Amino acid sequence: MVVHSLRIPWRLIILASLMLVTVLWSGCYPSNPQSTFDPAGRIAREQLTLFQIIFWTAAFVFVVVEGALIYAVFRFRKKAGQQPLPKQTHGNTPLEVTWTIIPALILVVIAVPTITTIFAQADAPEGEVVRVKAVAHQWWWEFNYPEVGVTTANELHIPINKPITLQLTSQDVIHSFWIPKLAGKTDMIPTRTNAMWFEAEEPGLFYGQCAEFCGTAHALMRFRVIAQSQAEFDAWVAAQQAPPAAPMAREFGLKGCTVCHTVNGPDAEGVQERRMDGFRQGQPQFPAPNLTHFATRDTLAAGLLERSDDNLRRWIQDPGEVKPGNRMGELAGAYHNANQSLSDADVAALVAYLQSLK
Ligand code: HEC
Ligand SMILES: [Cu+2]
């Protein structure tokens, strides 16, 4: 019988491994918008330093241990004519003491910076901070600035060089808050509030992402951090505090949008107030992004689409097609089927209204 052994040439294996390493490595490239290797703030930088200490310690251990192993494998191979078993050794005090002390030292090298960093990052520095309450929802983010009475969604504006202290919680399942260039992950757990803080050193746009699998649209649960000078941030806050730029469109109430969405201001009373009462008492019904100043945002649907007339039209007509599984598609879809569908004129009016909410 002929046995065909599968022989893969060494060169092919090496080439394939190199390609794999290159592909994986490219994910770590600092210019990647979600790379942790290009920190833009103190918290992320300290976390990167800690990562490097642990990584290089582990790399050192790996090289020494694997090196010794490979050396032993080749050096002590069974030679032609050798007796079945080489001399066996039991107990070697100096050796055993050495390999107890070395790992203990390695643990110290890892533990000291880890514990120092954990404590250093636990509390925000004294002094002025910006407080934000972030609530995760399947599959979007609510950002509330309690000190200035502003609520927005999916785009977190912050001033640079000032600690941002976050209270993190969730309305439904466990999510995780992560801005790779600014701060590591913190879980957002229903009925519980976690805290973290971070700082951005330079103005710019930073990308955030839910980092804990939370259901159908988890991968599309993104957000943006817009780091600005203090003056720009103050101007943004003032704009958010202003009443809505346009009176509420008839269609917005008629087509049930207010069942879930809040637009602050005189038109917002009634149904909406009762809903918010429930929400404040911890019984959210259909929480949805606050749309008061929707047209000051760059994106919609948790960073999925740029805000444009076309994208808004697509979104309002069939949110479930744009972002499969999302709650507006699921619930509003059912609502519209049961009541009445949106005509093209309704959609056009809604788009125009939303785009006017500067
Ligand atoms: C059943 C509750 C519900 C109803 C009714 C509803 N929405 Fe929504 N809406 C949501 C939810 C939830 C989201 C967030 C979806 C996501 O990003 O996953 C959303 C997102 C949006 C967004 C994007 C907001 C942003 O900043 O990303 C717009 C715009 C919007 N809805 C408009 C409307 C309009 C117009 C109507 C009425 C025709 C409507 N919605 C009815 C729940 C609802
Ligand atoms: Cu999530």
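A polar contact is a pair of N or O atoms within 3.5 Å. The structure treated in these exercises is a predicted model.

**Exercise 1.** Find which residues make polar contacts with oxygen atoms of ligand 1, taking lysine 323 as the starting point.

*Solution.*
1. An N or O atom in the side chain of lysine 323 lies 2.9 Å from an oxygen atom of ligand 1. With the cut-off at 3.5 Å, this pair counts as a polar contact.
2. For arginine 297, a polar side-chain atom is found 2.9 Å from an oxygen atom of the ligand.
3. Alanine 301 takes part through its backbone: one of its polar backbone atoms is 2.6 Å from an oxygen atom of ligand 1.

**Exercise 2.** Describe the shell around ligand 1 by residue class and by helix.

*Solution.*
1. The ligand is surrounded by 28 residues, and the closest are Cys257, Cys260, His261, Ala301 and Met328.
2. Sorted by class, the shell holds 20 nonpolar, five polar and three charged residues.
3. Helices α7 (309–317), α9 (327–338) and α10 (344–356) supply at least two shell residues each.
4. The largest share, five residues, belongs to α9.

**Exercise 3.** Assign the geometry at the iron atom of ligand 1 and locate its protein donors.

*Solution.*
1. The protein donors are NE2 of His261 and SD of Met328, 1.9 to 2.0 Å from the iron atom.
2. This pair joins distant parts of the chain, 67 residues apart: histidine 261 is in the loop between α5 (250–254) and α6 (271–280), and methionine 328 is in helix α9.
3. Ideal angles for six octahedral donors are 90 or 180 degrees.
4. The angles among the six donor atoms of the iron run from 88 to 178 degrees, and the site is octahedral.

**Exercise 4.** Do the same for the copper ion (ligand 2), and give the spacing of its donors along the chain.

*Solution.*
1. Four atoms coordinate the copper ion at 2.1 to 2.6 Å: ND1 of His175, SG of Cys210, SG of Cys214 and SD of Met221.
2. Four donors count as tetrahedral if all angles lie between 85 and 135 degrees.
3. The angles here are 88 to 125 degrees, so the copper site is tetrahedral.
4. In sequence, the donors follow the spacing H-x34-C-x3-C-x6-M.

**Exercise 5.** Identify the aromatic cluster and the ring that lysine 185 lies over.

*Solution.*
1. The count of aromatic pairs comes to twelve.
2. One cluster is formed by Phe37, Phe51, Phe55 and Trp56.
3. Lysine 185 lies over the face of tryptophan 178, 4.5 Å from the ring centre.

How values were computed:
Residues are numbered from 1 along each chain as its sequence is written. Chains are lettered from A and ligands numbered from 1 in the order in which they are written. This is a predicted model: local features need pLDDT of at least 70, side-chain atom pairs count only at pLDDT 80 or more; totals for chains, interfaces and linings use all residues. Side-chain values use heavy atoms; hydrogens and water are left out. Rings of Phe, Tyr and Trp (its six-membered ring) pair if their centres lie within 6.5 Å; planes under 30 degrees apart count as stacked, over 60 as edge-to-face and the rest as tilted. A charge sits over a ring if NZ of Lys or CZ of Arg is within 6 Å of the ring centre and within 35 degrees of the ring normal. A residue is near a molecule or strand if one of its heavy atoms lies within 4 Å of it. A polar contact is a pair of N or O atoms within 3.5 Å; within protein, one must be able to donate a hydrogen and the other to accept it, and residues adjacent in sequence count only if both atoms are side-chain atoms. Helices (H or I, at least four residues) and strands (E, at least two) are DSSP runs, numbered from the N terminus. Ala, Val, Leu, Ile, Met, Phe, Trp, Tyr, Cys and Pro count as nonpolar, Asp, Glu, Lys and Arg as charged, and the others, Gly among them, as polar. Donors are N, O and S atoms within 2.8 Å of the metal (3.2 Å for Na, K and Ca); water is not among the atoms, so sites may look incomplete. Four donors count as tetrahedral if all angles lie between 85 and 135 degrees; four count as square planar and six as octahedral if opposite donors are over 155 degrees apart and all others between 65 and 115; anything else is irregular.
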